[in-house]
Amino acid sequence: MKTLIHGGDLVAYDQGRFVGARYDGVLDARVDATGKLVIPGLVNIHCHPTTEAGGRLVADVGRRDFFQTGFLNYTATPKGVPSLDARADKTLGARFALTELLRFGCTTAVPIGPSADELLPIADALGLRMYVSPAFKSADYCVGDDGRLAYDWNEPAGLAGLERAKAFIAKYAGAQNGRVQGMLFPYQIDTCSPALLKATRKAADELRVGVEIHAGQNLLEFHEMLRRHGRTPVEHLADTGLLGPDLIIGHCLISTSHSLAAVPGGRDLALLANSGTSVAHCPLVFARRGNALESFQRYRERGINLGLGTDTYPRDLISEMRWASLVGKIVERDFLVATSADVFTAATLGGARALRRDDLGRLAPGAKADIVVVDLRKLRIGPYRDPIKALVQCATGDDVERVIVDGRTVVENGQVLGVDERQLLADAQREAERLWSTVPEWHWQKWTADELSPQSFSSLDRDLGRQSS
Ligand SMILES: [Zn+2]
């Protein structure tokens with residue numbers, strides 16, 4: 001099927017340059033994009049397919065002794081007590097997440113979590129391209145009776161999880177016209193034993209698939225690795241053989257390049273650059289905790305490939321580009337860095353490179369027909385000279401009008417085809433409220449209470465205030 005999109009600003013790719021393009025052949029359909037921006041489908045290399053009930057709960061609050069970490073607040077539970085995520089409805093989470101990704105212009109995603117089986121039929125129905133398999137780990141985060149963070153180790157469970165992931169990839173890689181591809185996900189560097197990491201490297205080489213792992217995502221984990229092994233998370237990845245052009249590190253925020261790391265003689269960025277490892281940069285989720293990569297420009301100048309991800313919520317890679325640009329400038333105190341073009345490149349070509357795909361993240365002959373049309377004729381966007389600057393500085397995912405994946409239109413007039421958005425939202429709200437109602441009282445009491453205002457808008461916050469007073 002051949003569709004001509006005409007009349008808009010086209011961001012096409014030719015040997016590293018943005019160019020216009022013409023097509024004079026036979027057509028099946030014609031799309032008028034006058035006043036609109038036509039860009040390659042965005043590549044989200046780090047997200048989690050849930051309704052994010054936990055992440056939404058910890059905005060503005062959390063335990064002080066977890067420093068700037070959000071997720072530990074709802075992930076670490078007493079041994080034997082399932083976490084919020086473990087109690088969540090995986091199918092609904094997958095449906096919610098994939099709908100959101102497509103709606104906001106993402107055509108390729110790396111959804112990380114245990115719900116690979118639930119994702120498959122939904123991705124098939126909605127048309128998203130994804131890299132997937134069930135994530136695995138040798139330990140769960142937990143809190144002891146004294147309330148301190150600890151690790152509940154189960155080495156056989158980690159190795160069995162890897163075997164499950166290998167079997168999943170053997171069965172499903174290449175499915176759905178090649179839109180489903182495999183990748184291995186050892187969950188977090190501090191929850192995976194060295195033996196599991198080495199076995200992951202071996203499996204990745206055998207299966208010829210990439211690996212993504214959370215590492216350098218918070219201060220506790222960074223120093224835990226130093227205490228355990230005398231090595232930074234990046235050095236430990238080098239020791240276990242995982243660094244390489246097929247590895248994506250989720251976040252890699254706390255590295256020896258970060259001012260909080262306080263490690264002399266750091267060489268993390270050199271290790272990343274020399275090994276060709278990619279970093280999944282998710283600025284918003286860290287900005288919410290008051291932290292930032294140091295820095296987008298520094299990693300880029302060292303030659304480290306950066307792709308973008310949304311991690312938790314919202315899964316809006318257009319807004320995420322703006323966060324990457326603004327936070328990147330603030331960290332360096334320099335308006336010349338983390339430009340609109342730089343972050344747009346990260347959200348397209350950077351992600352594609354991390355996935356080792358030269359047919360994604362670009363509009364070019366031979367590339368996949370993953371195309372996004374953004375309506376820039378909006379009051380919030382206003383007049384523009386450079387459509388990429390307009391996109392990054394002013395647009396949001398709501399401005400996405402049409403999304404095509406693999407030649408198939410999956411979003412039209414801002415609606416994900418085949419999804420009743422109101423119903424989905426109602427279902428997600430009900431599910432999140434169910435999960436929030438199950439969080440035990442002791443959990444709230446660990447969270448800082450003094451930031452909670454009695455005038456808080458939500459009844460949940462009032463409830464928090466009551467329980468901690
Ligand atoms: Zn993550």
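Angles between helix axes under 35 degrees count as roughly parallel, over 145 as roughly antiparallel, 65 to 115 as roughly perpendicular and the rest as oblique. In this predicted model, helix 13, made up of residues 317-332, packs against helix 14, made up of residues 340-354, at an angle of about 135°. Helix 13 and helix 14 are therefore oblique to each other. Their axes lie 9 Å apart, and helix 13 passes helix 14 in a right-handed crossing. On the side of helix 13, the contact is made by Leu-317, Met-321, Ala-324 and Ser-325. These residues meet Ser-340, Val-343, Phe-344, Ala-346 and Ala-347 of helix 14. Sorted by class, the contact of helix 13 with helix 14 has seven nonpolar residues, two polar residues and no charged residues.

A second helix pair is formed by helix 4, residues 90-103, and helix 16, residues 421-436. The axes of helix 4 and helix 16 come within 10 Å and cross at roughly 130°. By the angle classes given above, helix 4 and helix 16 are therefore oblique to each other. The crossing of helix 4 past helix 16 is left-handed, whereas that of helix 13 past helix 14 is right-handed. Helix 4 contributes Leu-92, Arg-95, Phe-96 and Thr-99 to the contact, and helix 16 contributes Leu-424, Asp-427, Ala-428 and Glu-431. By class, the contact of helix 4 with helix 16 has four nonpolar residues, one polar residue and three charged residues.

Strand pairing was also examined. An open sheet of six strands has the order 2-6-18-19-20-21, and its pairing is mixed. The edges of this sheet are strand 2, at residues 9-10, and strand 21, at residues 415-416, each of which pairs on one side only. Within the sheet, strand 19 (residues 400-405) and strand 20 (residues 408-412) run antiparallel and are joined by three bridges. Val-405 stands opposite Arg-408 in strand 20.

Over the whole protein, the secondary structure comes to 18 helices and 21 strands. Taken along the principal axes, the C-alpha atoms fill a box of roughly 70 × 50 × 50 Å. For 469 residues, a compact globule would have a radius of gyration near 23 Å. The protein has a radius of gyration of 22 Å, which agrees with that of a compact globule.

Key:
Residues numbered from 1 in each chain as written. Predicted model: local features only at pLDDT ≥ 70, side-chain atom pairs only at ≥ 80, totals over all residues. Axes fitted to C-alpha atoms, helices over the stretch in contact; angles between N-to-C directions. Helix = DSSP H or I, 4+ residues; strand = E, 2+ residues; numbered from the N terminus. Left-handed = near helix turned anticlockwise from the far one by under 90°. Contact = placed C-beta atoms within 7 Å. Nonpolar A, V, L, I, M, F, W, Y, C, P; charged D, E, K, R; others polar. Pairing = 2+ DSSP bridges. Rg over C-alpha atoms; globule rule 2.2 N^0.38 Å.
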